[in-house]
Amino acid sequence: MFKWKTDEFSWVDFTIDVLRVLIVLGVVVGAWNTLSSGRITLAQWVNLFAAGLSQGSIYALIALGYTLVYGILLMINFAHGEVFMAGAFSTVFLAEAFNRTGFLNDQPLLAIPLMIMFAGLVSMTVAILLERVAYRPLRGSPRLVPLITAIGASFFLQYTFRGLYGSGFKAYPQVKILQGAISLGGINIPIVQIFVFFSALALMLCLYWLVERTRIGKAMRAVSENKEVARLMGIDIDFVIMFTFGVGGFLAGSAGVINGVFRPQGVNFFMGFIPGIKAFTAAVLGGIGNIPGAMLGGLFLGVIEAIGPNLVLAGLGIPGANQLKDVIAFTMLVLVLIFRPQGILGERLSEKKA
Amino acid sequence: MALLEVKDIHTYYGNIHALKGVSFEVDSGEIIALIGSNGAGKTTTLRTISGLMAPREGSVTYDGEEISRMRADLLVSKGISMVPEGRGVFAKLTVEENLDMGAYIRRDGAIKDDLKSAYSLFPRLEERRKQFAGTLSGGEQQMLAIARALMSKPRLLLLDEPSMGLAPVLVDGVFETVQRIASEGVTILLVEQNAHMALQIADRGYVLQSGEVAISDTAANLQQNETVQKTYLGID
């Protein structure tokens with residue numbers, strides 16, 4: 001019968017319960033200490049929250065790629081971080097060219113969407129090739145096999161792009177109209193954060209429309225539910241899978257440009273690794289395979305990362321709390337996997353299979 | 001010439017020899033019943049015709065064309081549509097989206113009209129068009145699966161156990177619907193464990209036994225056949 005119904009004592013359950021209590025205690029004590037010390041003002045909290053939302057919306061865009069592919073193939077595309085890198089890295093050169101000619105600052109509302117399109121198309125191509133070359137031949141093999149392939153593909157992409165563009169760091173040029181901040185009731189919010197959040201939101205709305213309203217979107221959902229019946233409807237499964245990789249790739253590439261505008265530094269061949277894992281965490285957090293879950297998970301992770309270190313870790317007296325955002329992110333991943341493996345919006349696997 | 005001609009097909013699940021040389025024909029406009037007990041190879045036969053499985057030997061000819069190695073999704077545009085075993089509705093798509101998927105291969109403007117005629121055939125579906133298909137009852141799901149298969153405007157409709165798991169009242173309704181579809185000129189190949197009902201509406205029937213055709217005759221004769229009566233109709 002079900003494990004939780006037995007009365008037998010289990011060390012695993014006991015440890016997990018203790019862990020649960022300790023975590024809640026830690027969060028409460030840390031937050032209490034911070035709030036009662038009043039070290040951080042309300043305006044600063046709002047600023048942290050806004051920064052978290054922008055960062056989170058970038059995670060969300062990347063996380064959608066993981067979730068779309070998982071929804072359709074039950075496979076984690078661990079090379080997705082590199083798909084993100086491909087678009088971001090390639091577009092640096094376009095951005096530099098736009099900057100040199102002055103186009104970037106003369107017509108930013110034209111230049112930035114063009115950059116987003118370009119990065120999206122680059123990443124889309126990479127994602128489609130990845131599917132075609134590395135994953136499709138292995139379809140139907142045990143689930144571990146494509147996972148290992150993904151790691152191989154990930155290194156292959158990193159070093160291919162290193163070969164193409166070199167190993168040095170590049171930076172996106174500054175966009176003038178995105179500098180500065182606007183003041184809302186005494187709280188200054190950087191314009192770039194507003195730009196990041198709303199452009200990511202616009203892309204997510206486009207995705208939502210695509211999946212919910214269009215013929216190919218319905219086919220994607222049909223394929224993710226039952227491939228065999230989808231074939232009986234005349235749906236070309238291979239095309240739909242390729243299309244799904246393409247859409248995920250496009251979102252990752254556009255996230256690359258948005259990220260480049262948000263944090264100009266640090267564009268190089270290895271840049272996809274951390275955002276890739278963070279976005280994977282976000283996808284798991286929201287419930288992998290679930291599209292609104294990935295969006296929510298991304299935003300949630302971004303906010304937790306921004307607020308968590310200051311609120312909890314600093315309150316517990318941990319030094320250099322601000323540099324420990326990654327600890328928060330990956331602790332979240334572990335906690336979700338222990339306490340709610342299906343994620344925030346995910347359904348239990350047993351229900352899904354029924 | 002027959003619309004569908006199945007000739008000596010051998011289909012395997014891995015090493016399991018499921019079909020051992022099945023042959024039969026379906027003429028245009030007929031209702032053909034394939035009956036047999038569990039594991040006789042009825043479903044495998046349909047899956048082989050619809051392209052979900054490929055036979056190792058033998059041929060399937062549809063409208064004069066060899067199709068046994070063709071992909072399932074391409075066969076739909078040739079006019080073969082299948083209602084799979086267990087209905088196979090997309091639970092997380094709405095009723096109307098399921099019907100849209102049935103018309104996936106079509107680009108013509110008549111889809112809206114066909115949606116209307118699907119709803120007039122099954123008014124229950126229209127009431128529930130915005131509901132997720134997973135929330136429908138078994139009978140409604142069967143209606144949806146049939147209506148969806150018709151949305152591709154098939155010439156040949158393959159039905160796998162349409163009465164399975166339905167209350168007896170609903171079973172009559174399903175078979176009436178099948179007859180109505182046939183009267184509109186759709187050729188029907190029906191796989192059933194409910195041999196009694198299947199033979200009542202069919203023109204001809206084939207009895208499958210351990211992967212082979214054991215008896216083939218007109219439906220009326222099969223109903224009188226002693227072996228069929230004993231084994232499949234429960235008449236002593």
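Take A:Met242 in this predicted model: leaving aside residues up to four places away in sequence, A:Met242 touches A:Ile128, A:Glu131 and A:Arg132. The methionine sits in helix H10 of chain A, which spans residues 237-262. One of those partners comes from well back along the chain: A:Arg132 is 110 residues away in sequence, yet the two C-alpha atoms are just 7.6 Å apart. As for burial, A:Met242 counts as partly exposed because 17 other C-beta atoms lie within 10 Å, and being buried would take 20 or more.

Now for the cores. The largest nonpolar one has 169 residues, and its best-connected members include A:Ala60, A:Leu61 and A:Ala63 on one chain and B:Ala147, B:Leu158, B:Ile188 and B:Leu190 on the other. Helix H2 of chain A (residues 42-73) gives the largest share of this core, 17 residues. On the chain B side, domain 1 (1-79 + 157-236) and domain 2 (86-153) each put in at least three residues.

B:Leu190 is a good place to look around. Beyond its neighbours up to four places away in sequence, B:Leu190 touches B:Ile31, B:Ile32, B:Ala33 and B:Leu34, plus B:Leu159, B:Val178, B:Ala198 and B:Ala202. Apart from the largest core there's another, of 5 residues, among them A:Leu311, A:Val312, A:Ala314 and A:Ala321.

That leaves the contact between the chains, which takes 14 residues from chain A and 20 residues from chain B. On the chain A side, the elements giving two or more residues are helix H8 (215-225) and helix H9 (227-232), with H8 providing the largest share, 5 residues. By character, this side of chain A splits into 6 nonpolar, 2 polar and 6 charged residues.

How values were computed
Residues numbered from 1 in each chain as written. Chains lettered and ligands numbered in written order. Predicted model: local features only at pLDDT ≥ 70, side-chain atom pairs only at ≥ 80, totals over all residues. Core = buried A, V, L, I, M, F, W, Y, C linked by C-beta atoms within 7 Å. Buried ≥ 20, exposed ≤ 12 C-beta atoms within 10 Å, placed from the backbone. Helix = DSSP H or I, 4+ residues; strand = E, 2+ residues; numbered from the N terminus. Domains from an automatic or database assignment. Contact = placed C-beta atoms within 7 Å. Nonpolar A, V, L, I, M, F, W, Y, C, P; charged D, E, K, R; others polar.
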